[in-house]
Amino acid sequence: MRIIITDSYENMGLEAANIVAGQIYLKPDSVLGLATGSTPVSMYQRLAAVHKSVGLDFSEVTTFNLDEYIGMAPENPQSYHYFMQEYFFRHINIRPENVFLPDGMADDVVAEGNRYEKLIAAKGGIDLQVLGIGQNAHIGFNEPDVKFAATTHKVELDEETIQANSRFFKNSDEVPRYAISMGIKTIMMAEHVILLANGRNKAEAVYKAVCGDVTPEAPASILQLHRDVALILDREAAALLPASIPGVPIRRK
Ligand code: GLP
C-alpha cells in the first residue's frame, strides 16, 4: 500500500487521473474498473479534459462499473448507468459496446452476478480498479460484515449508506434498499487498485482501511493485503492518519 496526500479535491482527481492515463498510455486496451459517487467526479473531469486537449484515447478501453441499484433502469437519472454517461462516457471516445455495468433490472440477480464475473474474466480481468469509500468503510456496495470471498452479488444497503446516498434523492425513502455489487474477491483480483477519498467525513473510514485490523467490519481494510494499491486522499480524508506508517510510503503533494 502507498498513500498520496493532496491539498485539494481537484488535485486528488488530478493525481488519480494521471495514474489512469498512465495505465491507458502503457496499455491502450486496458480494462478499467470504475466507481460512482461524488468522489471520482474530479478524476473523470480531468480525464475528459486530457482526452480533449491531447487526445487520450479510450477507443480500445473496456470498463466495468462496481455496482448498480436493484430496480433502477439505465435511463433513470439516479441510476449508476446514467451517472457514468453524464459524468464520463459522453465526454470521451469510449465505445458503448466496451462499457459494462451490472444490470439492476435483472430478474435473476445470482445469474446476473455470474454473467458479470464471466464477462470480466473473458476480457482478461481488471487492470486498474478505481474505488471510493463509504463512511462505514464500504467499497463498491460491500457493506460491513461482507464475506471477503464474495464475487458480484446482491447486497442490502446499510442504514448509514442509505442516509449518505439520500442526498442524491428527494428523501431517504426513495433510496433503493438493495444493489448488485462486485464482491471483495472481484476487487482484490484487479491488477492495480486506486482508492480515492476526500473530506473529513471519510477520515475515520480511511484510518480503518489503513491502520485498522483487516476485518469484514471495515471492508476496505482488506486492501492492506492487495499487492498494488494506492490511496489518493485530500488532507481532510487523511486527517486521522499518523505522520508515518511502517511499510507504507506517504507522498505529500
Ligand atoms: C456509494 C458507492 C461507492 C462509493 C461510496 C462513496 O454508495 N456505491 O462506490 O465509493 O458510496 O460515495 P461518495 O463518493 O459519494 O462519497
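The legends below accompany close-up views of a predicted model.

**View 1. An open sheet of 8 strands, paired in parallel.**
Welcome to the backbone of the picture: the strands follow one another in the order 5-3-2-6-9-10-1-11. Strand 5 (99-100) and strand 11 stand at the edges, and each has a single partner strand, so one side of each is left without a neighbour in the sheet. As a reminder, strands of a sheet pair through backbone hydrogen bonds, either parallel or antiparallel.

**View 2. Strand 1 (residues 2-6) with its partners, strand 10 and strand 11.**
Look here for strand 1 pairing in the parallel sense with strand 10 (residues 229-234) over 5 bridges. One place to find this pairing is Arg2, whose bridge partner in strand 10 is Ala230. Strand 1 also pairs in the parallel sense with strand 11 (residues 250-252), over 3 bridges. In that pairing, Ile5 has Arg252 of strand 11 as its bridge partner. Strand 1 is mostly covered, with 4 of its 5 residues buried.

**View 3. Strand 10, enclosed by the rest of the structure.**
Because 6 of the 6 residues of strand 10 are buried, this strand is largely enclosed by the rest of the structure. Val229, Leu231 and Leu233 point one way from the strand, while Ala230, Ile232 and Asp234 point the other way. Both groups are buried, Asp234 included. Strand 9 runs parallel to strand 10, and 5 bridges join the two. If you would like a landmark for this pairing, Val193 stands opposite Val229 in strand 10.

**View 4. Strand 2 (residues 31-34) beside strand 6 (residues 128-131).**
These two strands run parallel and are joined by 2 bridges. Leu32 is a handy residue to zoom in on, with Leu128 as its bridge partner in strand 6.

**View 5. The largest nonpolar core, with 42 residues.**
Val20, Met43, Leu47, Phe58, Phe88 and Ile194 are the residues with the most contacts inside this core. At least two core residues come from each of helix 1 (9-26), strand 2, helix 2 (41-54), helix 3 (80-87), strand 6, strand 9 (192-197) and strand 10. A second, separate core has 41 residues, including Leu66, Leu119, Val193 and Ala209. Back in the largest core, Ile194 deserves a closer look. Leaving aside neighbours within four places in sequence, Ile194 is in contact with Ala16, Ile19, Val20, Leu128, Gln129, Val130, Leu131, Ala230 and Ile232.

**View 6. The surroundings of Ser181 in strand 8 (residues 178-181).**
Ser181 counts as buried because its relative accessibility is 0%. A polar atom of the Ser181 side chain lies 3.0 Å from the backbone nitrogen of Phe141. Not counting residues up to four places away in sequence, Ser181 touches Leu66, Asp67, Gly140, Phe141, Asn142, Thr151, Thr152, His153 and Val155. Phe141 thus appears twice in this view, through the polar atom pair and in the list of residues touched.

**View 7. The largest pocket, holding about 450 Å³ of space.**
Of the 27 residues that line this pocket, Gly37, Ile133, His138, Asn165 and Lys202 are the closest to its centre. Helix 5 (residues 159-165) gives the most to the lining, with 4 residues.

Conventions: Residues are numbered from 1 along each chain as its sequence is written. This is a predicted model: local features need pLDDT of at least 70, side-chain atom pairs count only at pLDDT 80 or more; totals for chains, interfaces and linings use all residues. Side-chain values use heavy atoms; hydrogens and water are left out. Buried means under 20% relative accessible area, exposed over 50%, partly exposed in between (1.4 Å probe, protein chains only). A polar contact is a pair of N or O atoms within 3.5 Å; within protein, one must be able to donate a hydrogen and the other to accept it, and residues adjacent in sequence count only if both atoms are side-chain atoms. Contact means heavy atoms within 4.5 Å. Two strands pair if DSSP finds at least two bridges between them. A nonpolar core is a set of buried Ala, Val, Leu, Ile, Met, Phe, Trp, Tyr and Cys residues joined through side-chain atoms within 4.5 Å. On a 1 Å grid over the protein atoms alone, a cavity is a set of points where a 1.4 Å probe fits but cannot get out, and a pocket is an open set with protein on both sides within 12 Å along at least five of seven lines; lining residues have an atom within 4 Å of a point. Grid points are joined across faces, edges and corners, and a volume is the space filled by probe spheres set on the points.
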